[in-house]
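This report describes a predicted model. Please have the sequence and the structure open while reading.

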Amino acid sequence: PSMTYWKDAWRRLKKNKAAMAGLLIIIIFTIMAIAGPLMVEHTYNNTNLELLHQPPSKEHWFGTDELGRDIWARLWMGARVSLFIGLSAAVIETVIGIIIGGISGYVGGRVDMFVMRTVDILSAIPELIFIILIMVIVGSGLLPIIIAFALTGWFRMARLVRGQVLQLKEQEYVLAAKTLGADTGRLIFRHLIPNTLGVIIVTLTMAIPSAIFHEAFLSFIGIGIKPPAASWGQLAQSGAALFQIYPRE
């Protein structure tokens, strides 16, 4: 029987037990990020100086922090922030990389030379240093982090899409579409980019955890998400600072 691209991809995914296990974990984390803070009466930024450093209890499932805030609520609110940053940054950098890589690969010539040499120069700078430099200029916070990740993460996607387009643009169906009068934009985004979805999807899935880890690192060293907002990196930094004093947290 005939099968669409997405049906075939889902069939292959179901056969991979490790991939299905990873998908299940992602679904659980997403559900808990939405519902977790709603499962307790205390909000993530509700301070109570009479309940500092409390151990886990029926009222506070994961205990409280140095300001009496409920750690369970902060954990899953931090998951919201980290997942939102990871997804947003990955999608934006993917779109930028697809557009630049597709145009560069199809047009070729001086445009391709200029784009690829620019990518080579930018890729020579360590990514985290580049992100930190951007955040020093733009500032810290949710939106600056997403902007910094998007501006530094599209290089790999652009390279991969360009390579795929270079292989596909000489195929017969592209020549047929060009003969029938299809313009450059239609050729790139209607005929070439859809045939690079395999590479795009794989790279996108790798970009999401990379953005989450980078956000956690930036928040851990104090230039990412600022309190009272919560993120996994900010929670890890707070926990590490108090671990030797209050190991039960």
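The sections below take up the nonpolar cores, one helix and one loop residue.

## Nonpolar cores

In this predicted model, the largest nonpolar core comprises 20 residues, and those with the most contacts inside it are Ile85, Val119, Ile131, Met135, Ile145 and Phe149. At least two residues of this core come from each of helices H3 (71-107), H4 (109-123), H5 (127-138), H6 (142-168) and H9 (197-220), and H6 gives the most, with 7 residues.

When residues up to four places away in sequence are set aside, Ile131 touches Ala148, Phe149, Thr152, His214 and Leu218. A second core, separate from the one above, has 14 residues, among them Ile98, Leu187, Ile193 and Ile200.

## Helix H6

Helix H6 is 27 residues long and spans 38 Å from its first C-alpha to its last, which is close to the 39 Å expected at 1.5 Å a residue. H6 nevertheless contains a kink of about 35°, centred on Trp154.

## Ser231 in its loop

Ser231 belongs to the loop between H9 and helix H10 (232-242). Is Ser231 buried or exposed? Its relative accessible area is 0%, and because buried means under 20%, Ser231 counts as buried.

The side chain of Ser231 makes a polar contact, at 3.3 Å, with the side chain of Ser219. Leaving out residues up to four places away in sequence, Ser231 touches Ser219 along with Gly78, Val81, Ser82, Glu215 and Ile225.

Methods:
Residues numbered from 1 in each chain as written. Predicted model: local features only at pLDDT ≥ 70, side-chain atom pairs only at ≥ 80, totals over all residues. Heavy atoms only, no water. Core = buried A, V, L, I, M, F, W, Y, C linked by side-chain atoms within 4.5 Å. Buried < 20%, exposed > 50% of the residue type's maximum accessible area, 1.4 Å probe, protein only. Helix = DSSP H or I, 4+ residues; strand = E, 2+ residues; numbered from the N terminus. Contact = heavy atoms within 4.5 Å. Polar contact = N/O pair within 3.5 Å; in protein donor to acceptor, adjacent residues only side chain to side chain. Expected span 1.5 Å × (residues − 1). Bend = angle between axes of the 7 residues up to and from the residue.
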